[in-house]
Amino acid sequence: MLGFGKPRASQPAELNTEFLLSAIVDGVVLVGEDNTIHLFSQAASSITGWPAQEAVGLDFRSVLVMTDEHGQPYPPELHPFAQALRTHSTIKDSKGLLSTRSGKLVPISLIVSPVIEDVNSMATGVLGVLRDITAEKLEENRRSEFVSTASHEMRTPIAAIEGYLALTLNPRVANVDARGRNLLEKAHTATKQLSQLFVDLLTSAKAEDGRLASYPKIIELGEVLEQITDTGRFIAQKKGLELKYVLSAGTDVRGGRVVRPLFYVYVDPGRIREVLQNLVDNAIKYTNEGSVIVALTGDSSVAQVQIKDTGIGIPEEDIPHLFQKFYRVDNSMTRSLGGTGLGLFISQKIIELYNGRIWVESQVGKGSTFFINLPRLTSEQALQMQKTEASTLSPLGNP
């Protein structure tokens, strides 16, 4: 029997690993570099439906089957355990569903971290901690449903008010003197801001409870950034700002031609455009002179976007709260420009959908740089995933 008293100096306590794991309510899974399961706790068995004696020794992908919120299986390269094994970094995922042995889909929170024996050695495997978050998801859904319903119901009368104000401002419909027109234009602007607030509330509620529509596919990130830069250049030039796109990663010369590196990522094109456009628009909005630089760089496993401006900057005490819901930096410029305080919150939720990370570095008076890291796919991985997708979409099941 294991005692909890103080052990004698000559008889150090021996801790039973199996006993300790049985006391942990979260599932614990150890996967080696050979992709096989080496340890499977009792809680992991309860969540997955796989007995430990059967799971140990199997490939993790046959036991820990992950799907997205639409029930589509994770691509092999983007499975959290596969990513952690490949990148030797911690991967977090709270948006996926685990398909149990019986086929039931269970929402889980998963953190996978590399196992390193000492500071001078490489990771020898990864340790995953998974938690059944069904109850938390139900509670989130109840809260979000209230916000969604209220926001949806309010949008209809606001849209009607906005329409009537637009008609009143139309000289073909009504004659309004200069003072009246000025007041109506202010009311129209305020109504549009209120309408945008309801749109953002709906989006944030869906992002929180996993109902945000997302249809990921393989895209080349450089192409998207070039298009967004071209779109925003006119607005930037009106403020006298320079807006340019820079590929920071090295290029290659082959056969006399300059070949730029391709950064393939697996994301929803519409969602990632929404995030990048929001960051570029903010950079232009809060920069009075100088430039906004959109850069793309990375390594074999990460694609990194950098959006750097020479604007007003963000106080150090505000940075930890910047991605919180409704949080806005309080200064004269932000008050005059307005905003819902939900843009960065929504952006972070979208980036986290694709196992990415977003953060900011800033100095007051010198500007800010927003960073986005997304898992990068090799050209071979992207091609294989595109073939698999084409095969799945084919009516005959053939590419």
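Buried means under 20% relative accessible area, exposed over 50% and partly exposed in between, with a 1.4 Å probe and protein chains only. The model shown is predicted, with local features requiring pLDDT of at least 70, side-chain atom pairs counting only at pLDDT 80 or more, and totals for chains, interfaces and linings using all residues. Residues are numbered from 1 along each chain as its sequence is written, and side-chain values use heavy atoms, with hydrogens and water left out.

**View 1. Helix 5 and the residue after it.** Six of the eight residues of helix 5 (residues 80-87; helices are DSSP runs of H or I, at least four residues, numbered from the N terminus) are buried, so this helix is largely enclosed by the rest of the structure. The buried residues are P80, F81, A82, Q83, A84 and L85, and just after the helix H88 takes a positive phi of about 55°.

**View 2. The largest nonpolar core.** A nonpolar core is a set of buried Ala, Val, Leu, Ile, Met, Phe, Trp, Tyr and Cys residues joined through side-chain atoms within 4.5 Å. The largest has 47 residues, of which L221, L276, I307, I372 and L374 touch the most other members. Helix 9 (residues 269-285) gives the most to this core, with seven residues.

**View 3. Surroundings of I307.** Leaving aside neighbours within four places in sequence, I307 is in contact (heavy atoms within 4.5 Å) with residues including L276, L279, V280, F370 and the polar-side-chain S368 and T369.

Terms used:
Helices (H or I, at least four residues) and strands (E, at least two) are DSSP runs, numbered from the N terminus.
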